[in-house]
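Trainee: I would like to learn how to read this model one feature at a time. Please give me the general idea before each case.

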Amino acid sequence: MPPLHAVSPAAAAAPPRALSSAARVPQRPVLRHATIEEIEAEKTVIEDQARERMEKAIETVQNNFNTVRTGRANPAMLDRIEVEYYGTPVNLKSIAQINTPDATSLLIQPYDKSSLKLIEKTIVAANLGVTPSNDGEVIRVTVPPLTSDRRKELAKTVAKLAEEGKVAIRNIRRDAIKAYDKLEKEKKLSEDNVKDLSADLQKVTDEYMKKIEAIQKQKEQELMKI
């Protein structure tokens, strides 16, 4: 029988030595899943921002549609006209007053009469299908009836503007998806969370796409009726 060795009280009270790194048992990181409230909060922020931007995109599409002339005179058809005024491009409405004396003409009265020729030249270059007339005091723009060929050209313009709006909506959706992906990388959302939130975001996107299609259809009907 091997001899017994006495253990001093100090050695008995000493803490056990730590295991070597090779002997340590690896611990798995504890993953914390986001609560329903946290997920809803993140969704509200990102989705509300997306909706706000999409509303602005719809407004832009509507304003652009208003610049596409029908058979009636409408000051909105000049909304996109920018005049090179003293070397700076400015909106026509900021340097002139625009009225509709009748259904087929616009009356443009610049605050600075020296800009009359420049405004007239700019309107001609815009290729709106109208004829400006400068009498030295005001510019009268006559809006002729739409021909069949002109209607087709304008319908193509409307379709192009609508597509630009749809591209803007898609880009907003893409940015929102990136925001969700970022939260997933930060472990604030799970992959399943992101899939569910992306599906909800697609419903919002479809909603705004339908709005663009609706106002596009309305504009095309206006062109066909006149």
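Mentor: Helices and strands here are DSSP runs, numbered from the N terminus; a helix is H or I over at least four residues, a strand E over at least two. By that reading, Lys-187 is found in the loop between helix 5 and helix 6. The model is predicted, so local features need pLDDT of at least 70 and side-chain atom pairs count only at pLDDT 80 or more, while totals for chains, interfaces and linings use all residues. Residues are numbered from 1 along each chain as its sequence is written, and side-chain values use heavy atoms, with hydrogens and water left out.

Trainee: How many helices and strands are there in the protein chain?

Mentor: The protein chain has 6 helices and 6 strands. Along the sequence, their pattern is α-α-β-β-α-β-β-α-β-β-α-α. Of its 226 residues, 32% count as buried (under 20% relative accessible area; exposed is over 50%, partly exposed lies in between, with a 1.4 Å probe and protein chains only).

Trainee: What share of contacts in the protein chain, between residues at least 6 apart in sequence, join residues at least 24 apart?

Mentor: That share is 62%, where a contact means heavy atoms within 4.5 Å.

Trainee: Is Lys-187 buried or exposed?

Mentor: Lys-187 is exposed, because its relative accessible area is 65%. Its phi is positive, about 65°, although Lys-187 is not a glycine. Tyr-86 can be read in the same manner: this non-glycine residue has a positive phi of about 55°. Tyr-86 sits in the loop between strand 1 (82–85) and strand 2 (88–91). With a relative accessible area of 66%, Tyr-86 is exposed.

Trainee: Let us turn to helix 2. Why does the distance between its end C-alpha atoms agree with its 31 residues?

Mentor: The expected span of a helix is 1.5 Å times one less than its number of residues. Helix 2 (residues 36–66) should therefore span 45 Å, and its end C-alpha atoms are 44 Å apart, which agrees.

Trainee: Which residues in helix 2 are buried?

Mentor: An α-helix has 3.6 residues a turn, so residues three or four places apart point the same way. In helix 2 the buried residues include Ile-39, Lys-43, Ile-46, Glu-47, Ala-50 and Met-54. Ala-57, Ile-58, Val-61, Asn-64 and Phe-65 are also buried. The elements covering the buried residues of helix 2 include helix 5 (148–185) and helix 6 (191–225).

Trainee: How do I read the packing of helix 2 and helix 5?

Mentor: Two packed helices are described by the angle between their axes and the distance between the axes. Axes are lines fitted to C-alpha atoms, for helices over the stretch in contact, and angles run from 0 to 180 degrees between N-to-C directions. Helix 2 and helix 5 pack at about 170°, with axes 10 Å apart. They are therefore roughly antiparallel (over 145 degrees; under 35 is roughly parallel, 65 to 115 roughly perpendicular, the rest oblique). Helix 2 passes helix 5 in a right-handed crossing (the near helix is turned clockwise from the far one by less than a right angle; anticlockwise is left-handed). The residues of this contact divide into 16 nonpolar (Ala, Val, Leu, Ile, Met, Phe, Trp, Tyr, Cys and Pro), 2 polar (the others, Gly among them) and 6 charged (Asp, Glu, Lys and Arg).

Trainee: At what angle do helix 5 and helix 6 pack?

Mentor: Helix 5 and helix 6 pack at about 170°, their axes 10 Å apart. These two helices are therefore roughly antiparallel to each other. Helix 5 passes helix 6 in a right-handed crossing. Their contact has 17 nonpolar, 5 polar and 11 charged residues.

Trainee: And where helix 2 meets helix 6, at what angle do the axes cross?

Mentor: The axes of helix 2 and helix 6 cross at roughly 15° and come within 11 Å. That makes helix 2 roughly parallel to helix 6. This crossing is right-handed. The contact of helix 2 with helix 6 divides into 12 nonpolar, 5 polar and 8 charged residues.

Trainee: Now a strand residue. What does Ala-96 touch?

Mentor: Ala-96 belongs to strand 3 (residues 96–102) and is buried, with a relative accessible area of 3%. Leaving aside residues up to four places away in sequence, Ala-96 touches Ile-108, Gln-109, Pro-110, Tyr-111 and Ile-119. Ala-96 and Pro-110 are 14 residues apart in sequence, and their C-alpha atoms are 3.8 Å apart in space.

Trainee: Where does Ser-115 lie?

Mentor: Ser-115 lies in the loop between strand 4 (105–110) and helix 4 (116–125). Ser-115 counts as buried because its relative accessibility is 2%. Not counting residues up to four places away in sequence, Ser-115 touches Tyr-85 and Pro-110.
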